[in-house]
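This report goes through a protein model, starting from a single hairpin and ending with the chain as a whole. Please have the sequence and the 3D view at hand.

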Amino acid sequence: MDDKVSIVLVFLFCVVLIPSTAYSDHPPPRIQGTPKPQYVARLGDTKRLRCAVTGLPPPSITWIKNDQPLHQSERIKKLNEDKTIKIKGVRLEDRGNYTCIAENPLGKVNLTLQLHVRHDENLTATDSPSATKRPTTEHQARAGAPVFSDPNLLKRSFRAWPASQSIRLKCQATGAPPLRYIWLKDGKDIKNRRLDPYVNASLWYLKLRDLVPADSGRYTCLVSNRYGSINHTFTLQVVARPHSAPILMRGFPMNKTVQVGDNATFTCNVHTNGIHMDFIWLKWTSMPTYEDILNSFDSFDSFRRIDPHYYKAVQVKSNYSLMVNIVNVTEDDFGLYICYVRNPMGKDFRSAYLIKYVKPMVPGTETKFEYDAFVIFSSQDSDWVTKTLIPTLEEIHHFKCCVHYRDFVLGVPYRENMVNSVYKSRKTIAVVSKNFFKSNYCCSEMEYALHRLMERRDDSVVVIKLDEVNREKIPKELRKRSYIDYAKKFEKHHWERKLVDCLTIPNDQPQEQVL
């Protein structure tokens, strides 16, 4: 009897421990690449929806449709270990949101796919596929498959609108007549509204009168003719706020540092919601001026709009946040992102950088530093830095300084130059000012310097306070440390001696003994 009990206990012990030890180094389930979020099918077609997820151990897949469990039938089958849904003889009731939930012992991930069903009355079984894909005559080439008349208008897909007001969502298109328009809300037919029983969901625009919070949702416009179909989705958020200009919370979005292949999320927090607000997220391809940003709705040369499909509105009490997700980050995704909002009363914006993680080049214990100090400063303060600070350190005291305009390596990404300069220098001198904290570049360089400070505990950051900048803006890691307050008159006679003494002491000696 004792032997049997021992055998059972050993078996249970193995069953419990083997999964945790075998897969402890593997990531949880994740989405592969950039999945196709929307599918379009004609009545009677066969359509496959794929759950593009991966994981180790292989995750179990559960499907739900419009928040209800999806059951197999003669028409609907689950294939490829439940990763694929096959729908035979597509019907109108098949349209909607299909969500796959992938789960294993390390975690789970959700992926939602939207299926639109095109029900063109003029299509017949004898129509050839080529006839529905491309025009075959000169007349059809000019007016064949439907095309949206104003694609720029459609890029403004997120709408926040005040309660009790009316709104018109437009998706006018051109193409061979007759054009058929169908509007859906959250993937379903729009039913009569209590305040507007005669709402018409078959025009090129959808007018909603006397909005209430229940009208919030995703409105999809389907446009079709015998040569093809197109669709576009608007996200409507009904809010009850006073008439005011929008105000975005300071400090958001925050810079993100990720590796290629990771996912990143930026959050734009609304402090005051105004009326008739338009939100957009922009990825800039070049450094914009203040005027460039203010004119973002009118110019399309220096940025690309982030597809609203990747937006997510999150309500917190009476305010809400607008999030944007960058999935499977590539080299092209790194750079400056701006959350921009406007209404008839005014406009506001906030920005942040998506930064590529660079493994720092940490010198060995016996390696000498290439520079005595890496100087970070705003270009608005370059006059004092280039005419006073650098000449004093290099020409009088013979220190070797690293400054971006002279010493950054050509051809190397800017972020990588920042990291290398921090770790190749014995000290980092931060010339903080009101201008300093307005510069995303300065904030990024400070972030890398603080990372080294906390990682190596080597007191490597020296702060020079150049003007009357609010002390609360200084990173909390440095607030309890001494600094040179150049803005005070009596410090102007001693800053040079204090800085030179600080640069000559070892990094493991506290700077408070000098400053």
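In the hairpin of strand 7 and strand 8, four residues lie between the strands, and Asn80 has a positive phi near 55°. The model is predicted: local features need pLDDT of at least 70, side-chain atom pairs count only at pLDDT 80 or more, and totals for chains, interfaces and linings use all residues. Residues are numbered from 1 along each chain as its sequence is written, and side-chain values use heavy atoms, with hydrogens and water left out.

**The sheet around the hairpin**

Strands are DSSP runs of E with at least two residues, and helices are runs of H or I with at least four, both numbered from the N terminus. Two strands pair if DSSP finds at least two bridges between them. Strand 7 (residues 76-79) and strand 8 (residues 84-87) are antiparallel and share four bridges; Leu79 has Thr84 of strand 8 as its bridge partner. Strand 3 is also joined to strand 8 by four bridges, again antiparallel, and here Arg50 stands opposite Thr84. The three strands make an open antiparallel sheet in the order 3-8-7. Strand 3 (47-50) and strand 7 are the edges; each has a single partner strand, so one side of each lacks a neighbour in the sheet.

**Loop residues with positive phi**

Two loop residues other than glycine also have positive phi. Accessibility classes are buried (under 20% relative accessible area), exposed (over 50%) and partly exposed (in between), with a 1.4 Å probe and protein chains only.

| Residue | Phi | Loop between | Relative accessible area |
|---|---|---|---|
| Asp186 | near 55° | strand 15 and strand 16 (188-189) | 32%, partly exposed |
| His398 | near 60° | helix 6 (382-396) and strand 30 (401-402) | 65%, exposed |

**Cis peptide bonds**

The bond from Leu56 to Pro57 is cis, with omega near 0°; Pro57 sits in the loop between strand 4 (53-54) and strand 5 (60-65). Pro177 and Pro178 are likewise joined by a cis peptide bond, with omega about 0°. Pro178 is in the loop between strand 14 (173-174) and strand 15 (180-185).

**The whole chain**

The protein chain contains 11 helices and 33 strands. Of its 515 residues, 44% are buried. Among contacts (heavy atoms within 4.5 Å) with a separation of 6 or more, 68% are between residues 24 or more positions apart.
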